[in-house]
Amino acid sequence: MACTIKPEDIKRVKAFGFLHNKGTDCFNGRIITVNGKITAKQNQIIAEAAEKFGNGTVAFTTRLTVEIPGIHYDNIEPFRAYVAQAGLETGGTGSKVRPVVACKGTTCQYGLHDTFALSEEIHERFYKGYHNVRLPHKFKIAVGGCPNNCVKPDLNDLGIIGQMVPNFDPEECNGCKKCGVAQVCPMGAAKLEDGELSIDKDVCNNCGRCIDKCYFDAMDGGTFAYKIYIGGRWGKRTATGRPLSKLITTKEEALSIIEKAILLFREQGKTGERFADTIERLGFEHVEKELLSDDILSRKQAILDAQLHITGGATC
């Protein structure tokens, strides 16, 4: 049958996370999972909602949200109320901070930090806290637990990658013919040269695999840090994000940089362009300087209060 829903109503419910099924009066309802993790009870409610209000199927998006296809327009509000009983909400659309994507962090053998905890904090502070803040375009954030980059942080507007910088003490190196550190280094950054271990910092990706692998404690422990990429984009026109020139060693500073990036994008981005375009237009050095200083925070309230990006229109 032909669609009988008015265009303005289709647009209105899209803001709540309901995407129109073309040619019908039905929609996909997008449920936010916070960071790709839901409880067994929430999973049960989602399955029940799919049977009760949708077509009985459940689809998973690349942004770790859950979509229920086949929800009739008249069932949108009952559907939202039904999933809300399990603490679930719909959304994830529009020119604003989008749902956060995270890898499984420390439940992975390579994970260097608790990505679920960090991404949940980012979700509360920036997805929910900035929910009514209009941006030039969507702003996607990904949190990776190690340099394996499973959630592709460098292809997001802002990406965080866990790092473990090895604490190498050359004085403790005995120049073993069979070096435990060099053997486990997947990047080939650790090498024995003239009977001494050396680490090429331009090659080392701080994966932490070499930590405590020295037989004589020359590689005793490491320093945890966050590597932050900005300006990544996947889609019709791809862009690989660039890392900030310094590693960030505290969670508080990492969260502050996220906030400064969002504020800068809102203040200096042009309506319709992605953050990658803003960075290219302003220059990476300018953007990095803003993110590593606190000047923009002094303008925070003025930036949030400004009437910006009221009329949308994506350029990519």
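A disulfide is taken here as a pair of cysteine sulfur atoms within 2.5 Å, and by that rule the structure, which is a predicted model, holds zero disulfides. Cys179 is accordingly in no disulfide, the nearest cysteine sulfur being that of Cys173 at 6.5 Å, and Cys204 is likewise in none, with the sulfur of Cys210 as its nearest at 6.3 Å. The points below take up the cysteines and cavities, then the largest pocket, the strands, and a few residues with a positive phi.

**Cysteines and enclosed cavities**

- Cys179 has a relative accessible area of 11% and therefore counts as buried, since the cut-off for that term is under 20%.
- Two cavities of 30 Å³ or more are counted in the model, and the largest of them has a volume of about 100 Å³.
- The largest cavity is lined by 14 residues, of which Cys173, Asn174, Cys176, Cys179 and Cys214 are the closest to its centre; Cys179 thus appears both in this group and as a cysteine outside any disulfide.
- By class, the lining of the largest cavity is made up of ten nonpolar residues, three polar residues and one charged residue.
- The second largest cavity encloses about 90 Å³ of space, and of the 13 residues in its lining the closest to the centre are Cys185, Ala189, Cys204, Cys207 and Cys210.
- Cys204 and Cys210, both in that central group, are the cysteines whose sulfur atoms are set 6.3 Å apart.
- Ten nonpolar residues, two polar residues and one charged residue form the lining of the second largest cavity.

**The largest pocket**

- The largest pocket holds about 530 Å³ of space, and 20 residues line it, with Lys14, Thr93, Gly94, Ser95 and Arg134 the closest to its centre.
- Helix α1, which spans residues 7-14, gives the most to this lining, contributing three residues.
- When the lining residues of the largest pocket are sorted by class, eight are charged, seven are polar and five are nonpolar.

**The five-stranded sheet and its surroundings**

- Strands of a sheet pair through backbone hydrogen bonds, and the pairing may be parallel or antiparallel.
- In this model five strands form an open sheet with mixed pairing, in the order β6-β7-β8-β11-β12, and its edges are β6 (101-102) and β12 (242-243), each of which pairs on one side only.
- Strand β6 runs parallel to β7 (residues 141-144) and is joined to that strand by two bridges, with Ala102 having Val143 of β7 as its bridge partner.
- Thr115 belongs to helix α4, residues 115-128, and is buried because its relative accessible area is 0%, which is under the 20% cut-off.
- Beyond its neighbours within four places in sequence, Thr115 is in contact with Ala102, Cys103, Lys104, Gly105, Val143, Gly144 and Gly145, a list that includes both members of the Ala102 and Val143 bridge pair.

**Strand β4 and its partners**

- Strand β4 (residues 66-72) has five of its seven residues buried, so the strand is largely enclosed by the rest of the structure.
- Strand β2 (residues 26-32) pairs with β4 in the antiparallel sense over five bridges, and within this pairing Gly29 stands opposite Ile68.
- Strand β3 (residues 59-60) also pairs with β4 in the antiparallel sense, here over two bridges, and Phe60 stands opposite Val66 of β4.
- β3 and β4 form a hairpin with five residues between them, and Leu64 in the turn has a positive phi of about 65°.

**Residues with a positive phi**

- Most residues other than glycine have a negative phi.
- Asp217, which is not a glycine, has a positive phi of about 65° and is found in the loop between β10 (196-199) and β11 (219-230).
- His309, in the segment after α9 (300-305), also has a positive phi, near 55°, although the residue is other than glycine.
- His309 is buried, because its relative accessible area is 8% and the cut-off is under 20%.

Key
Residues are numbered from 1 along each chain as its sequence is written. This is a predicted model: local features need pLDDT of at least 70, side-chain atom pairs count only at pLDDT 80 or more; totals for chains, interfaces and linings use all residues. Side-chain values use heavy atoms; hydrogens and water are left out. Helices (H or I, at least four residues) and strands (E, at least two) are DSSP runs, numbered from the N terminus. Buried means under 20% relative accessible area, exposed over 50%, partly exposed in between (1.4 Å probe, protein chains only). Two strands pair if DSSP finds at least two bridges between them. Contact means heavy atoms within 4.5 Å. On a 1 Å grid over the protein atoms alone, a cavity is a set of points where a 1.4 Å probe fits but cannot get out, and a pocket is an open set with protein on both sides within 12 Å along at least five of seven lines; lining residues have an atom within 4 Å of a point. Grid points are joined across faces, edges and corners, and a volume is the space filled by probe spheres set on the points. Ala, Val, Leu, Ile, Met, Phe, Trp, Tyr, Cys and Pro count as nonpolar, Asp, Glu, Lys and Arg as charged, and the others, Gly among them, as polar.
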